Amino acid sequence: MSTKSTPKSADQVRPITFADIADALKKGAADFWARPSHYIFLVLIYPIVGIILAVWTSGGELFALLYPLATGFALLGPIAAIGLYEISRRREQGLDDHPRHAFKVLRSPALKSILLVALLLVACFVGWLLAAGALYQHYFRVDAPTTLTALIQETLTTSRGWGLLMWGNLIGLCFALFVLATTVIAFPYLVDRGGGAGRAIGISLRAVMTSPAQFIGWGIVVAALLLLGSIPFFVGLAIVLPILGHATWHLYRKTVA
């Protein structure tokens, strides 16, 4: 694994096109089909489904956590894909790309930096849940719905439900854009070149600022595929997540010279 710190002059951020995004997705799918890793992601997805089911069946105010949980787990997706960057890197260089090499990131000199960026994502996930909970309490402190059906009806047919829906999605969008800007390139950069967490986040920010429309388009593609993979019952995520992970590596390679 290449984890040597790279001189600042070598970190050249290139603009990307929408064709680059399409090509990254194509290469990501090819990496996945060459080395399927869906079984690993099934192991990760089932606990998440279990948590959502537990909230679903709990009743009361916990119903309000269903939507934030289901959408918020997407903020943690880049963490689950870290090992896939190493597989794509090795495959690109003609090295042995057996899935066992994904665990080499645990011995990376950049592991501390990777963990720091991962901690940032965890903090964003917790922040999103707290913000969503506070917003729900603001609108539904009085006469809160006690069933899932009542919650959906209130959300779609009342002014306070519309307020919750509008502000909740707006706040969620802010969290998603922050995560996109700070980590879309950071993790593959650390796997490839090592260095500090702040440096990797800075490279990611520069990349997004260089091609804002393209990276927003990438975020929309990711959100759409995650939604598609969640139907039915999150099973499709076992394929969508690794493809997106591999594709992120190729997007990084197109972005950082």
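This passage describes a nonpolar surface patch, one pair of helices and the surroundings of three buried residues in a predicted model. Local features need pLDDT of at least 70 and side-chain atom pairs count only at pLDDT 80 or more, while totals for chains, interfaces and linings use all residues. Residues are numbered from 1 along each chain as its sequence is written, and side-chain values use heavy atoms, with hydrogens and water left out.

Met166, Trp167, Leu170, Leu173, Leu177, Ile216 and Ile220 make a nonpolar surface patch of about 670 Å². Patches consist of residues with over 30% relative accessible area and no salt bridge (a side-chain nitrogen of Lys or Arg within 4 Å of a carboxyl oxygen of Asp or Glu); nonpolar side chains (Val, Leu, Ile, Met, Phe, Trp, Tyr) are joined within 5 Å, and like charges within 9 Å. Accessible areas come from the Shrake-Rupley method with a 1.4 Å probe, and for residues only the protein chains shown count as cover. Two or more residues of the patch come from each of α8 (159–183) and α11 (212–229), and α8 gives the largest share, 5 residues. Helices are DSSP runs (H or I, at least four residues), numbered from the N terminus. Leu170 lies in α8 and counts as partly exposed because its relative accessibility is 39%, the classes being buried under 20%, exposed over 50% and partly exposed in between.

Helix α9 (residues 186–193) and helix α12 (residues 237–255) have axes that come within 9 Å and cross at roughly 75 degrees, so α9 is roughly perpendicular to α12 (65 to 115 degrees). Axes are lines fitted to C-alpha atoms, for helices over the stretch in contact, and angles run from 0 to 180 degrees between N-to-C directions. On the α9 side, Pro188, Tyr189, Asp192 and Arg193 meet Thr248, Trp249 and Tyr252 of α12, contact being heavy atoms within 4.5 Å.

Phe140 is placed in helix α6 (residues 111–140) and counts as buried at 1% relative accessibility. Leaving aside neighbours within four places in sequence, Phe140 is in contact with Pro145, Glu154, Arg160, Gly161 and Leu164. The C-alpha atoms of Phe140 and Gly161 are 8.5 Å apart, with the two residues 21 residues apart in sequence.

Arg90, in helix α5 (residues 82–92), counts as buried at 9% relative accessibility. With the same neighbours within four places left aside, the contacts of Arg90 are Leu95, Asp96, Asp97, His101 and Lys104. Thr183 belongs to α8 and counts as buried at 4% relative accessibility. Beyond four places in sequence, Thr183 is in contact with Pro78, Val117, Leu121 and Ser204.

Technical notes:
Buried means under 20% relative accessible area, exposed over 50%, partly exposed in between (1.4 Å probe, protein chains only). Angles under 35 degrees count as roughly parallel, over 145 as roughly antiparallel, 65 to 115 as roughly perpendicular and the rest as oblique.
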